[in-house]
Amino acid sequence: QVQLVESGGDLVQPGGSLRLSCTASGFSVSNYVMSWYRQHPGKERAFVARITSGTSTTYLDSVKGRFTISRANAKNTVYLQMNSLKPEDTAVYYCYREYGNYWGQGTQVTVSS
């Protein structure tokens, strides 16, 4: 059974950092394209970052240079390191496996002073 469990969301001040984790079960993250999406209140989920089964990464333009997606195969976990956070980064962040359309439950990130 495929499961994705996100963690690491928190309240942080502008300019701060957070690392989100997505721990997978039922499959190996090393074999699949994995992504992070986010959803602002009242908006649809939007793409943030993607990592292929190799090491190729893709980012939303507004997070390039601030966010980094990575994978720890031994822990079967995908990370999203978020630096220089801005209030507009406030959202619920979701982990996503594109093949089979699997979503995690989401983790809240709030950037506010």
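**Exercise 1. Find the salt-bridge partner of Asp-61 in this predicted model, and decide how exposed each partner is.**

*Solution.* Start with the charged atoms. Asp-61 forms a salt bridge with Lys-64, and their closest N and O atoms are 3.0 Å apart. Next, look at accessibility. Asp-61 has a relative accessibility of 60% and counts as exposed, because the cut-off for that class is over 50%. Lys-64, at 49%, is partly exposed.

**Exercise 2. Trace the salt bridges around Asp-89 and work out which residues they join into one network.**

*Solution.* Step one: a search of the whole structure finds 4 salt bridges. In one of them Arg-38 pairs with Asp-89, with 3.0 Å between the closest N and O atoms. This pair links distant parts of the chain, since Arg-38 belongs to strand β4 while Asp-89 sits in the loop between β8 and β9, 51 residues apart.

Step two: Asp-89 also meets the side chain of Arg-66 in a salt bridge, at 2.8 Å from N to O. Here, too, distant parts of the chain are linked: Arg-66 is in the loop between β6 (57–59) and β7, 23 residues from Asp-89.

Step three: put the two together. Salt bridges with shared partners join Arg-38, Arg-66 and Asp-89 into one network.

Step four: check the burial of each member. Asp-89 is buried, with a relative accessible area of 0%. Arg-38 counts as buried at 6%, and Arg-66 counts as buried at 10%. The class fits these values because buried means under 20%.

**Exercise 3. Describe the aromatic pair of Phe-27 and Tyr-32, then say which charged end sits over the ring of Tyr-32.**

*Solution.* Begin with the geometry. A pair of aromatic rings is described by the distance of the centres and the angle of the planes. The structure holds 7 aromatic pairs. For Phe-27 and Tyr-32 the centres are 5.4 Å apart and the planes are at 90 degrees, an edge-to-face arrangement. Now compare the surroundings: Phe-27 is buried at 10% relative accessibility, whereas Tyr-32, at 24%, is partly exposed. Finally, the charged end of Arg-97 sits over the ring of Tyr-32, 4.0 Å from its centre.

**Exercise 4. Place Trp-103 among its aromatic partners, and explain why its pair with Tyr-37 ties together separate parts of the sequence.**

*Solution.* First the pair itself: Tyr-37 and Trp-103 are edge-to-face, at 5.2 Å centre to centre and 75 degrees between the planes. Tyr-37 lies in strand β4 and Trp-103 in strand β10 (residues 102–103), so the pair ties together parts that are 66 residues apart in sequence. As for accessibility, Tyr-37 is buried with 15%, and Trp-103 is partly exposed with 32%.

Then widen the view. Tyr-37, Phe-47, Tyr-94, Tyr-96 and Trp-103 make up one aromatic cluster. A charge also visits this group: the charged end of Arg-45 sits over the ring of Trp-103, at 4.5 Å from its centre.

**Exercise 5. Is Ser-35 buried or exposed, and which side chain joins it in a polar contact?**

*Solution.* Locate Ser-35 first: its strand is β4 (residues 34–39). With a relative accessible area of 0%, Ser-35 is buried. Its side chain has a polar contact of 3.0 Å with that of Glu-98. Not counting residues up to four places away in sequence, Ser-35 touches several others, including Phe-47, Ala-49, Arg-50 and Cys-95.

**Exercise 6. Which residues touch the most other members of the largest nonpolar core, and which strand gives the most to it?**

*Solution.* The core has 27 residues, and Trp-36, Leu-80, Met-82 and Tyr-93 touch the most other members. Among the elements that give two or more residues are β3 (18–25), β5 (46–51) and β9 (91–97). Strand β3 gives the most, with 4 residues.

Take Leu-80 as a worked case. Leaving aside neighbours within four places in sequence, its contacts include Leu-18, Leu-20, Trp-36, Val-48, Phe-67, Ile-69 and Tyr-93.

**Exercise 7. Compare the accessibility and contacts of Cys-22 and Ser-70.**

*Solution.* Cys-22 is placed in strand β3 and Ser-70 in strand β7. Cys-22 is buried at 0%, whereas Ser-70 is partly exposed at 30%. Beyond four places in sequence, Cys-22 contacts residues including Leu-4, Trp-36, Val-78 and Cys-95. With the same exclusion, Ser-70 is in contact with Ile-51, Thr-77, Val-78 and Tyr-79.

Note on methods
Residues numbered from 1 in each chain as written. Predicted model: local features only at pLDDT ≥ 70, side-chain atom pairs only at ≥ 80, totals over all residues. Heavy atoms only, no water. Buried < 20%, exposed > 50% of the residue type's maximum accessible area, 1.4 Å probe, protein only. Polar contact = N/O pair within 3.5 Å; in protein donor to acceptor, adjacent residues only side chain to side chain. Contact = heavy atoms within 4.5 Å. Core = buried A, V, L, I, M, F, W, Y, C linked by side-chain atoms within 4.5 Å. Phe/Tyr/Trp six-rings, centres within 6.5 Å; stacked < 30°, edge-to-face > 60°. Lys NZ or Arg CZ within 6 Å of the ring centre and 35° of its normal.
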